[in-house]
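Subject: Structure handover and notes

Dear colleague,

I am passing on the structure that we talked about, together with some notes on what I found in it. Please open it beside this email, so that you can follow each residue as you read.

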Amino acid sequence: LNTNTFLADLSFYGYNLLKFQEPNLTSVPEPMDPCDVHNATLRQSLNITSHHMCGGSGSALVAGTTSLFQGFNTSALEDGGAPAGALPGSASSTRRLIHPCDDAFYASHPVLKEACAEADIDDIIDCEPQADSVFQVAAFDYNWPDYLVNVESRTEYLVASLSVIDENAEMISIGKVRNCREAPRSSGCEGRDFADFGWDYGDYGIVSLRDRHESPPIDVDIGSTVGTVTVTAQDSITKGTYNFRAVKLSPVVNPEILSLGSYLDGLIGDSEDPNFEMEFTLRMAGFNPLWILDSVFRLNLEQHVRKYITYAAVVDDAVVSVKVYGSPRNQSACRLLDPGVAGGGVDVKVYAKFWKETDATHLLTWLDGQGWHNALGFTFDGYLLGFGPIYKVDGPSKRTIRATFIPTRRRYDVTLPTATRHLPLTVPPPHHVPPIEGFGVTVNGEEYTLGSTFSVEVPRCAIGPRHCDARHLTITAEACIFDECATYTVVATIPAVSIPADDASMRAVNITAGPVNATAGGRTAVEYSPSFFHDVRRFSARVDGALEYLHLSVAPNSPNYSGLFINGRPSLPYTEVLIPLSLLETELHGVLTVRVIAEDNFTISDTQIRVLVESPLGLMTDNANALDPLKGKYGFDGGVLPGGVDTAPPEWKESYPRLEPVWEGGPHLELAAQTMEPAVVYWALAVPWSRPPTSREVYDAVVRPNHTKTRLIEGSVSDFIADALNSSVPSTTESGFVAAGVMTSRYSMTREERMAVTCLNPDVGFDVYFVAEDKALDLSLKPAANRQAFPTSVRGVKPGSGPLGLLYPWVDSFSAPNGDLWDTITGGEVIARSLSFDGAVSSQSAKTDAAKGSLACPGAVSFEVTAVNASGVDGSSGDIVLEARREPAGEAAGDWTQLWNTTLLDLKTKSDASVDGWISVVSKKIAEGDHWTLRLRVEGSCCHSWALRNLTTRYITS
């Protein structure tokens, strides 16, 4: 009886077969994540306080790979690789495979071509392999027992085709296959006859093919699916076994956006410095290139190397990709690979992209110093080093490219052309087939259809062609795979429109009335009509004669105006001018005149404000029913008279509401609102990292400020903001309202109403939310309010971002020689960047008589001070003192208030301990107000040298 157990053929429909020999990795350490190899203790010893890939305890944020190779069951192997029931001549010591890049089937085999894409395979092989001991990698050979097939991620099952050399062989059996008799309508089974196949019980099992040549479907899972073919010879005793393994990749998917479209890419390129790219190649000379024919093993190896390269790059938004290829041939000989001995080597090609060139410094240094085995805290793990020697064979090639969107970078700041009305955004679908389950994108909170164009409206300019300050637009795109999300933020700035030299228009007219000594909050706002518009030249107003004085302030639209006059007298923007009502009625005939001379010193505009001064009795009578439609107290600006049933909330007048920085440069914001019908307006000012509120939350913040469930910030607002700004990315907070209030007016908001929020942090672009509400007319006895269902928001406005910027007194007074600032200096002189005092002069002092300081909010002075040639200083040498007092023109000066002091001995001690001899000082708080003077002086014995520099002022804000 014949004992032949050889297969004549084995193939899988639609796929190429590869011979394979499982690697023996018993002597190679298990792979580990870089965060585990270089744990938190090691990182701290290297002064690496944190790493974006690692958690606080040193554990990896992404679970480490436990095994890079998913192979055959090694317990079924004998003699170092020969299968159980070995085929004749199957001992590993006599069997070798040719290098995959020298395979005769290379040109037509897609797996070989991909693995050898970078190898030089065009040279003639220098030796002829022996046919009985050396095998080509591709295709089936009855003498080779182990095979590999790489399948696509969409493939659900394989069908094997096989036949035997000896047609009298008793049986061919294959496992593990689907039981088509149990699932006759399943994919791969439907329409086929499996009645005479032998089966084990259950959904899967080993089946005898008998005289059939096609197997039932073999289901393929993600990763590795192992099966066997057993041939039983005619003698019913001798058996031969062939092993096959199907590998299917699981795509590496992350919740990320690949692009925001070509338009935003262009803006990023115009707004940012160039990106930086580098490429290099490392060779792992001890790696067998046969192993990378396994697509799962190859992908896991690439991902493992990528982790270590990304870890060595340190920066958190570097884009790193890694591809592994067979190394180029050593041309001195043909390459025959003993499966038991690694040989041939693989090349690891690395591409890295950085946001800017300086970000690549650490990786370039790591590469130059062979950091994979030399850089403490950044070496490869024992697994990768086990395939050494590892050395660089190419690169790094370096180049700068135009900045563009990078999926790992989550924030972009761009500048839009001033005429932009809409910003288009396009997010392409991920490059995954089939599509990623659970993947979705939202833009500004709205569900987005991948590949479509999403248009974001750019905030419009304030009314008037010559009045357009800088505007800001924030776009948030969020990509999610189920609950795991990544958020991208684009902050677009539209620069202010340049104001022409012949602009003589005005930006604002503000009128209040009250006694001469009344504070701004204690005066009565005077409404005028029509509402302010930049080119309106005639206004009308009424004022109660009992209020004594009119307080008028105006501002030209152009900051470069040549002249501003009120009633013929020079004035300054937003500076209040007091006009007695008696003078207004007599000499001025009820008319106020404002003249603006443009920057060109030629163009002039005159604006008249006609004011009717009424008796107190008449005004009180009118106010008794200020909203009576028959008296015409509202509706002058396009509002409507109430009538009929009204169940709809009020609507905003065009261009309202608004949030703007004040013109004069303090860290203040101004709210402006106007509605189309009588209404009340609630508002809430919020930090930009807080969750957008509902209308009810804005309302509650105003009417229930002490309720625990409102979103007003509890405790110190300044501390809350400082804590958030000290973090790299402030996390979204529930409590985020800085302030809240209500806007009402004599005309119930049908004319523009403005309100200021003062002394805010100038480093934060605040958001404001407005909700308007009116009284319903729905025929009920107690009509409910018609409140807008959703707040109207204005986002990202920074206090002090007006045309004049933030104005500080004594700012950087030593950034250049500035002797004119210090009117009174005793014992010292101003030199470049500092003020030095001669130790030979007594009563040393310096006083800012020539620069009176005005503080829009409480402030503090910071500066640097040092002791010079102070070897003789001791405890009796005296103190250095910083003082301030107010010195209003024409009035008696106030008392000196001490802001800071130190002893000369303490100054010398700290100067000696400082790196450059200078110590930084921040003074006590100075109250807001005008006419402040600073004085620095020595209080004590003569005479010791000291110096001062970098004196600046900063606001202390809420």
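The notes below deal with salt bridges and then with one residue in a loop.

Please keep in mind throughout that this is a predicted model. The structure holds 34 salt bridges, and I describe some of them here.

A good place to begin is R658, which is joined to E660 by a salt bridge between their side chains, with a distance of 3.2 Å from N to O. Both partners are counted as buried, because the cut-off for that word is under 20% relative accessible area, and R658 has a relative accessible area of 12%, while E660 stands at 15%. The side chain of R658 also meets that of E752 in a salt bridge, again given as 3.2 Å from N to O. Where do R658 and E752 lie in the chain? R658 belongs to strand β37, which covers residues 658–661, whereas E752 sits in the loop between β40 (737–743) and β41 (753–757), so this pair ties together parts that are 94 residues apart in sequence. E752 is buried too, with a relative accessibility of 15%. These contacts belong to a wider picture, since R658, E660, E670, E752 and R754 are linked in a network of salt bridges.

Another salt bridge to look at is the one between R795 and D767, in which the closest N and O atoms are 3.3 Å apart. R795 is part of strand β44 (residues 792–797) and D767 is part of strand β42 (residues 766–775), so the pair ties together parts that are 28 residues apart in sequence. Are the two partners buried or exposed? D767 is buried, with a relative accessible area of 2%, whereas R795 is partly exposed, with a value of 33%.

Finally, please find S498, which is located in the loop that runs between β26 (484–494) and β27 (506–513). S498 counts as exposed because its relative accessible area is 65%, and the cut-off for exposed is over 50%. Although S498 and T418 are 80 residues apart along the chain, their C-alpha atoms are separated by 9.7 Å.

With best wishes

Key
Residues are numbered from 1 along each chain as its sequence is written. This is a predicted model: local features need pLDDT of at least 70, side-chain atom pairs count only at pLDDT 80 or more; totals for chains, interfaces and linings use all residues. Side-chain values use heavy atoms; hydrogens and water are left out. Helices (H or I, at least four residues) and strands (E, at least two) are DSSP runs, numbered from the N terminus. Buried means under 20% relative accessible area, exposed over 50%, partly exposed in between (1.4 Å probe, protein chains only). A salt bridge is a side-chain nitrogen of Lys or Arg within 4 Å of a carboxyl oxygen of Asp or Glu.
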